[in-house]
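Visitor: I would like a quick tour of some strands and helices. Please keep it brisk.

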Amino acid sequence: MTEYQSDILTLLSSRGYIHQVTDAAALDALAAKEIIPAYIGFDATAPSLHVGSLVQIMMLRRLQQAGHKPIVLMGGGTSKIGDPSFKDEARRLLTVETISANIASIRRVFEPFLTFGDGPTDAIMVDNAEWLDKLEYIPFLREVGQHFSVNRMLSFDSVKLRLDREQSLSFLEFNYMILQGYDFRELSRRAGCRLQMGGSDQWGNIVNGVELTRRMDGVEVFGLTTPLITTADGGKMGKTVSGAVWLNADQLSAYDYWQFWRNTQDADVGRFLRLFTDVPLDEIARLEALEGAGINDAKKALADAATAMLHGVEAAQSAAETARRTFEEGAAGGDLPTFSVPSGEVGIVDALIGVGFVPSKAEARRKIAEGAVRLDGTQITDPEHRFYFGPTPRKISLGKKKHGLITL
């Protein structure tokens, strides 16, 4: 591990965030002597960010913990185009109204992680629509376009992927990397921003911004990327059978969020504790050294810490207690997903869909045929099975880890 003199790079390195840095020695020296404003951009393509964005949110948290200034850049302007990086096809174009509603919803995600305000290390949130929407095409091409080489832009992996697969890359999308580079220069001027951080897939875009700011303003700025966060089996972080793991509570309950972390693979527990919680490193070392059934204590510690950070301590404790009662006592905790029906009779297929375990009747029948469905602990093998109940809820289970309630 590289030794750094600045608190921020030492912290990022010790917890596994650093993949590439444009000039590590110069950034380290700067961070050791002054407060660095640094930004990460988030496009508003959905009403919530998902757990795949969490490592970037945590990077901003680490920045503030080390005494520097986080800048959350919302892509109100760039969301009108959509980042083509490593996408197989163009994103659906969103209306201005949808983008604005998404930004308003996403804002809530950052509040548990960062302290916002007017102080020197307080976080700020800005929207690149503030400057991108005002650009005039010809002046922009003359001022900024001259600094970008099409030859070089075509060499970036994010572009080559689409071209090598002979998939269309629109001129609209091709402009995204220019606008992202322009964002860095604009934030350098407006907020004294000296560092852009992002995932490894953003390296080319970040380098563009570093070079553009140097060429246009003669200011030295830096870029830093995180490694691609995958699970131990090579899967993409945050992708589950049931869909994305959203960060907004109105799109994913605290209980389901807790369960996501509790279901972490054994080999990932230590790494995820370092990346996604504030648990001290010496305690993480103890937890990841646990063996056999003991590793479940480490997984619960991860789930408790990650859920408390996003949803609060009470929500994390409630989720943990629901899980304990469900798995250890066979009871039904109050935080389980619930499907309410108007009468005391329902089919097992409709119940599986209603509680959110499967997206379709075909998938429900497949799970039943696999023997994965239980009602109050009894395996159900008939897809036409209907069951009755009164005031007491019935517990429906899919596999060993998904449980829900059917209520009147």
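What follows is a set of questions and answers on a predicted model.

Visitor: Is strand β14 enclosed or open to the outside, and how many of its residues are buried?
Guide: Strand β14 covers residues 394–398. It is largely enclosed by the rest of the structure, because its buried residues number 5 of the 5.

Visitor: Which β14 residues lie on the side opposite Arg-394, Ile-396 and Leu-398?
Guide: In a regular strand, side chains alternate between the two faces of the sheet. In β14 both faces are covered. Arg-394, Ile-396 and Leu-398 are buried on one side. Also buried, on the other side, are Lys-395 and Ser-397.

Visitor: Which residue of β15 is the bridge partner of Ser-397?
Guide: β14 runs antiparallel to strand β15, residues 402–407, and 5 bridges join them. Strand β11, residues 373–375, is also antiparallel to β14, with 3 bridges. There, Arg-374 stands opposite Ser-397. In β15, the partner of Ser-397 is His-403.

Visitor: What is the phi of Gly-399 in the turn?
Guide: β14 and β15 form a hairpin, with 3 residues between the strands. Gly-399 sits in that turn. Its phi is positive, at about 65°.

Visitor: Are α3 and α13 parallel or oblique to each other?
Guide: Helix α3 spans residues 54–65, and helix α13 spans residues 269–276. Their axes come within 9 Å and cross at roughly 50°. Angles under 35 degrees count as roughly parallel, and 65 to 115 as roughly perpendicular. The two helices are therefore oblique.

Visitor: How many residues of the contact of α3 with α13 are charged?
Guide: From α3 come Leu-54, Val-55, Met-58 and Arg-62. They meet Arg-274, Leu-275 and Phe-276 of α13. The contact has 5 nonpolar residues and no polar ones. The charged residues number 2.

Visitor: Which residue of β6 is the bridge partner of Gly-198?
Guide: Strand β5, residues 195–199, is largely enclosed, because 5 of the 5 residues are buried. It pairs with strand β6, residues 222–226, in the parallel sense over 5 bridges. In β6, the partner of Gly-198 is Thr-225.

Visitor: In β5, which residue is the bridge partner of Tyr-39?
Guide: Strand β2, residues 37–43, runs parallel to β5. The two are joined by 2 bridges. In β5, the partner of Tyr-39 is Gln-196.

Visitor: Is the β-α-β unit of β5, α11 and β6 left-handed or right-handed?
Guide: Helix α11, residues 203–217, joins β5 and β6 in making this unit. The unit is right-handed.

Methods: Residues are numbered from 1 along each chain as its sequence is written. This is a predicted model: local features need pLDDT of at least 70, side-chain atom pairs count only at pLDDT 80 or more; totals for chains, interfaces and linings use all residues. Side-chain values use heavy atoms; hydrogens and water are left out. Buried means under 20% relative accessible area, exposed over 50%, partly exposed in between (1.4 Å probe, protein chains only). Helices (H or I, at least four residues) and strands (E, at least two) are DSSP runs, numbered from the N terminus. Two strands pair if DSSP finds at least two bridges between them. Axes are lines fitted to C-alpha atoms, for helices over the stretch in contact, and angles run from 0 to 180 degrees between N-to-C directions. Angles under 35 degrees count as roughly parallel, over 145 as roughly antiparallel, 65 to 115 as roughly perpendicular and the rest as oblique. Contact means heavy atoms within 4.5 Å. Ala, Val, Leu, Ile, Met, Phe, Trp, Tyr, Cys and Pro count as nonpolar, Asp, Glu, Lys and Arg as charged, and the others, Gly among them, as polar. A crossover is right-handed if, with the strands pointing away from the viewer, the path from the first strand over the helix to the second runs clockwise.
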